Amino acid sequence: MRPSALLLVLCALCALAGRPHASFEVSIEPAAPVVEYGGSIRLTCKTTCPDSNTVGDLETSIRKHNVQFGPGQTSVELSNVTEWHSRVLCFYKCASVRKTVSVELVAYRAPEQPQLELEQWLEEGKSHNVTCSVPSVAPVRNLTVTLGQGAETLHTQTFEHDTRPSPQQVLVTHKITAQRWHHGQNITCRAQLNLEPHKLHMSSTAVPVPLSVYDFPADPELEPEIHLEVNETANVTCTIRSFFPEVHFALSLDGRPLPASVSEDGHRAVAELTVPRQGASKLLCTGHVGPKERKAQATVHVHSFPAPQLDVNMTSVSAGEEVVVQCELPTGHSPQLRLRLQPGAGHPLTHWSPSPLRWVRTAREEDDGLELTCEAVLPGTGKAPKASKSVRLAVAYGPRMDEAGCPPRQSWTEGQEAALRCSARGNPPPRVECARQGRPFPVGEPQPAARSHAGTYRCWATNRLGDVERVVEVLVECECCRSPVGCSRAGCAGAGCPKIPRPPRAAGCTADPGRAGRRGPRRGQLRHLLPQEEDPAVQAAGEAAAAGDAAHGRAPAGGEGSRFQRVGAGGPALAERSRRRGRCPLCGDRVTFGRGSGARQGHPAGLAFPQPPRARLEANTTDGRCRRGRGRGRQRRVMAGRWRRPASGPRWGTGPAPAPGVTSRPGAAMPRRGCAALPLTAMLLALFGRTAPGAAGSSFTVAVAGPSAVPYGEDALINCSTTCPPAAADGGLETSLAKGHQRQGPGWLAVQLHNITEPHVQLLCYFTCFGQRKTAALALAAYRFPDPRLAVLEPNASLHESVAVECSAAPSQPPGLQLWLRSSRGVQESGTEGRVRLELMAREEDDGLEFVCEAELAVGNQTLRKSSAPATLSISYGPRMDEAGCPPRQSWTEGQEAVLCCSARGNPPPRVECARQGRPFPVGEPQPAARSHAGTYRCWATNRLGDVERVVEVLVEYHDPPVLLAVLLTLAALAAVGLAGASYGIYYRKKKIRQYKLQEKQRQLEMQPMAGRSPEVKAAAPNGLAPAAQP
């Protein structure tokens, strides 16, 4: 053997002998150890080395004890593990080969109970934070925190990117938008520590926190002005229309709580009010929903409203005597009360006036039986008037007979019942008697009429105050010819008397005496009487009104005739006649009287006109003459002249003494007081104003800022400022209102005004700078804007009934409240103040019509708007079926879903039923259409107001498939299956052929190497040598 071959054999044997000792494994159990912080764990280091003398150990920085050695393993217990992350090494040496493995020992801390943090109350529609806090947990990367709401998961958060091994506090925050259906649901938080792959799962859950959701969008509603009488008990209602989940009411009067009862739906609280004294009190309604509080305030006005007392000096008087009626209120009544005198029926006798009210009247015949009542009312409160006990007047007067009670001509018919009608009025009631030819005849007693009753009767009425007589003519129509009695009976030819002419007037046929000698006025004959004297009371009232108008700088009230004031004889008649003729009432000159304040061109003496601006004075009325004047091409005018002060007349500012019959306007001459003080003031300012330090004080300004209008009874903050140097500025605020807290600084002043109730007040802000005082004014108004009220008098009406809708509001301050009554169709009615009323006839299309009352108030430069709650009108009417809701012809398709469509409208909503051949058929329910559904259906709609019927024809379309087409489709399907089978058979045969050829080729390739080695073996065989093995 060659040495090289021997060496190779030895190496191979050594390799085969050493291979079992070098291939060993080392491992640690558990492979991924975890231990609770501060706890103990046992680790085992194992090896697969077959050598029993192999040496190994386990190395760690943690204290070891209870070490145990065994064949192929070493066990160590690690106690009090306080390192959050450490490495453990395990090594063994086998056949001079050392192997080492290492693992990481992880200490964990189980999660403590999480804490949930969220607000106690959540407002609906707003976002709120939900926070879950996990106090201490390790390792954080294995932690999962899940937030839940009820059965729903809100948010899940993991921390796989947090590699910190030490314990950490974890905060998880999520935003939720509160909704009403969230109320009462529990918010949960779950912290889970997953230590994989050891399948160690630890979790902790927080105490569930229920959600409390609230909604309180609007303030309570309370009548702003409540008017009561002393010791009157009334209910006040505080309404809160929208809230969630529940509201708590609290009502108080001047700080004193009021017991209140809450309605079943929880939207209204009702409390009883009883106030024992007059005055104004503050009513407060407070609503609490969750943490939110809203308030509404009202003013309770308590009035002393006693019934008035009526006193009449005489209840029984004679006609022409004077009756004095006194109406008054007891002492201690509210000063706002007003009285008026009301007859039993008809218009009031007086206007509303304060107490006491005195009425004087001369008794007349028509006043007999007049019933007088005194009424008291509290304006602007809506309270019903109170009335006194009524007093009936008895007026005594003599008998009166007229055509109504005693007709002068009466016609009777022969043979029929008739009575002589004649009555008289008077007090005491008169006695009426009648006679014919000196013989008494019963009055008012029916009896058969005869021809002998025709004639003239004398009737007279008598009482203790006198008597009166009247002539009555009675005509009796004949039974035969219906001719007046006295016509010749000889002319009667029989019943009916067809051709008998009317006989001439005779002793028995008397003409109507009422028409004899009666002549009316000729056409166009008129009288024009001018009053020579005027009622002194009317004259005094007119002069007082003219003086008031002139004092305020406005024209006399009234129409065209009111431009003239009666100042002399002739009065309004003379002035009106002169105005129509275009002549001066005194001198007859033609003048022009215009319309409007800018067109008044002048007045002569005795007629007072407002002085027009830029008037050219061309007349002097002191001498009572009128003069003509020209005005730059304009029409002629007559102007009132300027008064000239007589030598002995009054002094400055008082004007001349008016002439008899002439009324002058007060204040026609301008006063000239104070003119002498102006030079002295200017001299003092010139001497001392410039020497003061800061001579610019004369150029300083003062400004005031604040609201121009505030609600009635509210507060306002007024700011005053100046440009004067702070050291020299001294100012304040002058007002009649109550001042509150006041703050002042350099160059400014702020004052809080409380309880502003005056409709209009002027605020004056002033500052004094180096002896000079300047002011700035601010107009402030307190307004009342009452809530509009909507009332549908018949909200549930029947068809063709009258329906009234009213939009009203209490009086506003300032006046001018604009009201609109709107419906879903647009503006229906509008008006100012008081009430707007709409009347309509109920129709079907009005059902569901919605109304709303809107109010608008202009306050200063701003416009305030309010709206009432909407009201819906419901109109009841019978069922209606038309083609839109119940088509008379409906087409279905066989096999498809179909619905029998038939509906009706009506109020109440009608019930619709259909039937086919007497069998009910469901309406509005989808079902597959079949040929059996085709046919005629009867449908009817019913409600409590009636029923209506309609016929519906249903057509079902269907298609029969052709037999030939079905056969062709079957043959085509069979041909396709056969073709597919043949194709698969050809494919399978070719596949088998390819596999067979491939196997044959592989067999040939395997046989070729064996055929090549055969000759060499045969050649070496004789030498006895085998071929060398290939390395």
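**Rings, salt bridges and surface patches**

At 15% relative accessibility, Trp-84 counts as buried. That's a handy place to start in this predicted model, since Trp-84 has an aromatic partner, Tyr-37. The two rings are stacked, 4.1 Å centre to centre with 10° between the planes. Tyr-37 sits in the loop between strand 2 (34-36) and strand 3 (41-47), while Trp-84 is in the loop between strand 6 (73-78) and strand 7 (85-94), so the pair ties together parts that are 47 residues apart in sequence. Unlike buried Trp-84, Tyr-37 is partly exposed, at 32% relative accessible area.

Next, look at Trp-121 and Tyr-214, whose rings meet edge-to-face: 6.2 Å between centres and 75° between planes. Here too distant parts of the chain are linked, with Trp-121 in the loop between strand 9 (115-117) and strand 10 (122-123) and Tyr-214 in strand 18, 93 residues apart. Tyr-214 is buried at 8% relative accessibility, whereas Trp-121 is partly exposed at 25%. The total for the model is eight aromatic pairs, and ring pairs also pull Trp-412, Phe-441 and Tyr-457 into a cluster.

Now for the charged side chains. There are 44 salt bridges in the structure. One of them joins Glu-433 to Arg-431, with the closest N and O atoms 2.0 Å apart; Glu-433 is partly exposed, at 31% relative accessibility. Another pairs Asp-787 with Lys-866 at 2.9 Å, N to O. Asp-787 lies in the loop between strand 51 (772-783) and strand 52 (789-792) and Lys-866 in strand 59, so to speak a link between distant parts of the chain, 79 residues apart. Both ends are partly exposed: Asp-787 at 36% and Lys-866 at 29%.

Helix 5 has a salt bridge of its own, between Arg-1003 and Glu-1000, again 2.9 Å from N to O. These two are three residues apart, about one turn of the helix. Arg-1003 is partly exposed at 42%, and so is Glu-1000 at 26%. Elsewhere, salt bridges with shared partners join Arg-361, Arg-364, Glu-366 and Asp-367 into one network.

Stay with helix 5, residues 963-1020, for the surface patches. Leu-964, Val-967, Leu-968, Leu-971 and Leu-974 make a nonpolar patch of about 500 Å². Leu-968, found in helix 5, is partly exposed at 47% relative accessibility. There is also a patch of positive charge on the surface, where Lys-990, Lys-991, Lys-992 and Arg-994 gather; Arg-994 belongs to helix 5 as well.

Technical notes. Residues are numbered from 1 along each chain as its sequence is written. This is a predicted model: local features need pLDDT of at least 70, side-chain atom pairs count only at pLDDT 80 or more; totals for chains, interfaces and linings use all residues. Side-chain values use heavy atoms; hydrogens and water are left out. Patches are made of residues with over 30% relative accessible area and no salt bridge: like charges are joined within 9 Å, nonpolar side chains (Val, Leu, Ile, Met, Phe, Trp, Tyr) within 5 Å. Accessible areas come from the Shrake-Rupley method with a 1.4 Å probe; for residues, only the protein chains shown count as cover. A salt bridge is a side-chain nitrogen of Lys or Arg within 4 Å of a carboxyl oxygen of Asp or Glu. Lys and Arg count as positive and Asp and Glu as negative; His and the chain ends are not counted. The place of a charge is taken as NZ of Lys, CZ of Arg, CG of Asp or CD of Glu. Helices (H or I, at least four residues) and strands (E, at least two) are DSSP runs, numbered from the N terminus. Rings of Phe, Tyr and Trp (its six-membered ring) pair if their centres lie within 6.5 Å; planes under 30 degrees apart count as stacked, over 60 as edge-to-face and the rest as tilted. Buried means under 20% relative accessible area, exposed over 50%, partly exposed in between (1.4 Å probe, protein chains only).
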